[in-house]
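Biologist: Before we discuss the packing, please show the model and settle the terms to be used.

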Amino acid sequence: MDGDMTSAAARRPAVRGAASALVAALVVAGCTAPGPATSASDAVPTTIRLLMFGGPEERAAYQEVATAFHAQRPDLNVVIDAVAGQDELLARLTTGFAGGNPPDVFLVNFRRYGQFAALGALQPVQPLIEVSDVIDLADFFEEPLTAFRYDGGDLSCLPQNVSSLVTYVNLDLFEAAGLDVPFDGLDWNTLVEVATALTDADSGVYGLGTSPSLVRLAPLVWSTGAELVDDMVAPTRLTLDDFPQRDALDFLLDLNLVHEVTPPDLAEQARGSHDRFLDGDLAMLWSSRIEVPTFRTITDFAWDVVPFPIAPGGRDVTMLHSDAFCLPAGLDTTDAAWAFVEFASTVPGQTILAESGRTVPSRIDVAASAAFLRNDVPPTHAQVFLDNIQVVRATPSTASWNEVERRADDILEAAFYGRISREDARARLRELSFAPDS
Amino acid sequence: MTRWGARSALLAGPFILGVVVLLGVPMLLTGWYAFTNQTAFTPGTFTGLDNLRQAWRDPLVGAAMRASLVHALLTVPLRLAAATAFALALASPRRGNRIARAAVYLPSVLPDLSLALLALWAFNPVFGPVNGVLRAIGVTGPNWFGSPWGARVAIAAMMLLPIGEAFLVVLAARRSLDPSLYDAGRIDGASPRQLLRHITLPQIAPLLALLAVRDTILSLQVNVVPAYALTDGGPDSATLFFPVLIFDHAFELFRFGYGAFLTLALLVVTALLVLGQALFARSRGWL
């Protein structure tokens, strides 16, 4: 033991030296740890962190925008921080805000931003736009702007895109079945007829694929002329137990339980509708613009988009899917982050993103340009997305909407696949509570 | 303080600091948040028992507690039995046992997410090997992740893979047992089964009791990744384990206060279960 202590004593100065160096390094690191942004200087550009969700194509497109922005503003450098999905995005934002290190700017869906706005976590962009030399809201579609006005007031975030729910169609399957492609739209009854004709369950081919979720059900409800909730501004309950909302719910459930035109539970678990469409085994798929980059890799068959179906004698309406740039409140980097948002929202910025195929531009001029309406790649009828803008509707933007939607989706999925009865589903949907925003 | 004491304090210092900073402070904060309306963005104010009242009315709290308890009831005995069986079977220095022991331990070093992806493939109702084997023997396999019990069983089966730590502990305990006990048993004509029942299991019973306590804690508290990757809490909340519910509230709905209260509730339930196990083990003389 003494020998150990002697040798330990002999080593002590070295240990002390190493410890001192470590402490010094930690102190220096602590003082210079990269925060949301470093102070600007001639030599070192200020770094702005953009948090977003999306696949590789989307990330690449935003990286291209960031590179173009840096070329214009060498004093600012944008770092893209991409996560796979919206759940991960929310988790990252929560930990970032709680830890005092939120991203300088983030992209979020209109169905998710309400909970941030309700807690005062956002720097509203309205006052920034009012003094901007670059952004004029008259250049943007009004529908996504409305969706990002929390409580109908000032604009909380600046919409980047204005996607909507459409029906993707496998043109080869339609041709093989001798059916006309419903480019002018179709009603629910025609949809069932067409989907039934296109379904060959023994071969694993189905007429229609959809997620049994509230955002798919919502436009079906609206198409009947009814509302999804009792009050769009301050909802207290879903109205799916009323008529004609119940018809819309039954129509959705009947697609699987009665008409059997959608992949049943087992088939959907084995291979999701997205993959089934890619494989050429699904004639129609309800989804938003998100599918386009992946579907453009299809070489085995031709595909296109057609409008979302409407109720018999009902209204032409579809679901808004829109993401916007949001700025956290109280950051020193707001000006720098806003400069990037401004650039990304100009014609050059939105053109880069439109060319990726992933987004439907929120700017009217870019949406009407060849960057979006490309003739060389599908979908040929991309105009459907633009026509939809006139008829899109949004779900409420309240703090509790995210939670209600999640719980409703679980119930709808269980009912769609026959795990619970319709009555049980309606009862559970009826009991969903909307917590007050405050 | 003696020189040895100072050296001990220096060595233990980082660990103690880690426990205080990474465990003690968060626990104290959780205890405070549990009775506030703290969010991810706004400081909380004391709200008394509001979170308790909300939890009492929240149907998902009961569903999540049921899911967690069923999961623990399924996985703890299975994991313990599997670890014990493998350890006892592979304890002898027979040829090939070394490789087999490594194979049993190997899944424990894989990330949970990798195991979850493996389970997604293995339990695919149409293309997966599990239903493939069932089909080969004339049984129609279930829609694993589409039915409540299918999902519970599939996740429990997945949790059977990372048993390396318990396996090593039992293996070490078995190999440390006095060989003369077995020699005496064999001389008395005991069969291998009798040796197992009357020598091996009683000797390692205290250890198994300890492992059961440890696994109960793990099963109740460390199951977020498989539940998220495989089922996202479904179907019909069958795998909405309590930690998943806590994560949803704290990190997706920003309700730190309510999430902290649920964390406290899980801590109390876990402590009660562990206490029950400890009392039972003590009554049997295992602890």
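Modeller: One term is needed at the outset: angles over 145 degrees between helix axes count as roughly antiparallel, and angles under 35 degrees as roughly parallel. Please also keep in mind that this is a predicted model.

Biologist: How are α10(B) and α13(B) oriented to each other?

Modeller: Helix α10 (residues 192–221) of chain B packs on helix α13 (residues 256–283) of chain B with the axes 10 Å apart and an angle of about 165 degrees. The crossing of α10(B) over α13(B) is right-handed. An angle over 145 degrees counts as roughly antiparallel. The two helices α10(B) and α13(B) are therefore roughly antiparallel.

Biologist: Which residues of α13(B) meet α10(B)?

Modeller: On the α10(B) side, the residues in contact are Ala209(B), Ala212(B), Val213(B), Thr216(B), Ile217(B), Leu220(B) and Gln221(B). Their partners in α13(B) are Leu266(B), Thr270(B), Leu273(B), Val274(B), Gln277(B), Ala278(B) and Ala281(B).

Biologist: What is the handedness of the crossing of α12(B) and α13(B)?

Modeller: The axes of α12(B) and α13(B) come within 8 Å and cross at roughly 165 degrees. That angle makes α12(B) roughly antiparallel to α13(B). The contacts join Phe242(B), Leu245(B), Ile246(B), His249(B) and Ala250(B) of α12(B) to Phe256(B), Tyr258(B), Gly259(B), Leu262(B), Thr263(B) and Leu266(B) of α13(B). The crossing of α12(B) and α13(B) is left-handed.

Biologist: How many residues of helix α12 of chain B are buried?

Modeller: A residue counts as buried if 20 or more other C-beta atoms lie within 10 Å of its own. Among the residues of α12(B) that meet this criterion are the charged Asp248(B) and Glu252(B), together with Phe242(B), Pro243(B) and Phe251(B). Helix α12 (residues 242–252) of chain B is largely enclosed by the rest of the structure, because the buried residues number 11 of the 11.

Biologist: Which helix of chain A helps to cover the buried residues of α12(B)?

Modeller: The cover includes α3, α10, α11 (224–231) and α13 of chain B. Chain A also takes part in this cover, through α3 (86–98).

Biologist: Which residue with a positive phi follows α12(B)?

Modeller: After α12(B) comes a residue whose phi is near 70 degrees. That residue is Phe254(B).

Biologist: Is Val25(B) buried or exposed?

Modeller: Val25(B) belongs to helix α1 (residues 3–33) of chain B. Its C-alpha lies 40 Å from that of Ser176(B), and the two residues are 151 apart in sequence. A residue with 12 or fewer other C-beta atoms within 10 Å counts as exposed. Val25(B) has 11 such atoms and is therefore exposed.

Biologist: How many helices and strands are there in chain B?

Modeller: The C-alpha trace of chain B spans about 70 × 70 × 35 Å along its principal axes, and 35% of its 287 residues count as buried. Of the contacts in chain B between residues at least 6 apart in sequence, 69% join residues at least 24 apart. The elements of chain B are 13 helices and 0 strands.

Biologist: What percentage of the residues in chain A are buried?

Modeller: Chain A has 19 helices and 12 strands. Residues 24 or more positions apart account for 75% of its contacts with a separation of 6 or more. Of the 438 residues in chain A, the buried ones make up 47%.

Biologist: Which helix gives the largest share of the side of domain 1 of chain A that touches domain 2 of chain A?

Modeller: The assignment for chain A gives domain 1 (46–162 + 322–378) and domain 2 (164–321 + 400–431). Contacts join 19 residues of domain 1 to 12 residues of domain 2. On the domain 1 side, α4 (114–118) and α6 (142–147) of chain A each supply at least two residues. The largest share, 3 residues, comes from α6(A).

Biologist: Where does the largest nonpolar core lie with respect to the two domains of chain A?

Modeller: This core has 187 residues, and Cys326(A) and Phe340(A) have the most contacts inside it. Its largest share, 9 residues, comes from helix α3 (residues 59–89) of chain B. Domain 1 and domain 2 of chain A both give residues to the core, so it lies between them.

Note on methods: Residues are numbered from 1 along each chain as its sequence is written. Chains are lettered from A and ligands numbered from 1 in the order in which they are written. This is a predicted model: local features need pLDDT of at least 70, side-chain atom pairs count only at pLDDT 80 or more; totals for chains, interfaces and linings use all residues. A nonpolar core is a set of buried Ala, Val, Leu, Ile, Met, Phe, Trp, Tyr and Cys residues joined through C-beta atoms within 7 Å. Helices (H or I, at least four residues) and strands (E, at least two) are DSSP runs, numbered from the N terminus. Domain bounds come from an automatic or database domain assignment. Axes are lines fitted to C-alpha atoms, for helices over the stretch in contact, and angles run from 0 to 180 degrees between N-to-C directions. Angles under 35 degrees count as roughly parallel, over 145 as roughly antiparallel, 65 to 115 as roughly perpendicular and the rest as oblique. A crossing is left-handed if the near helix is turned anticlockwise from the far one by less than a right angle, and right-handed if clockwise. Two residues are in contact if their C-beta atoms, placed from the backbone, lie within 7 Å.
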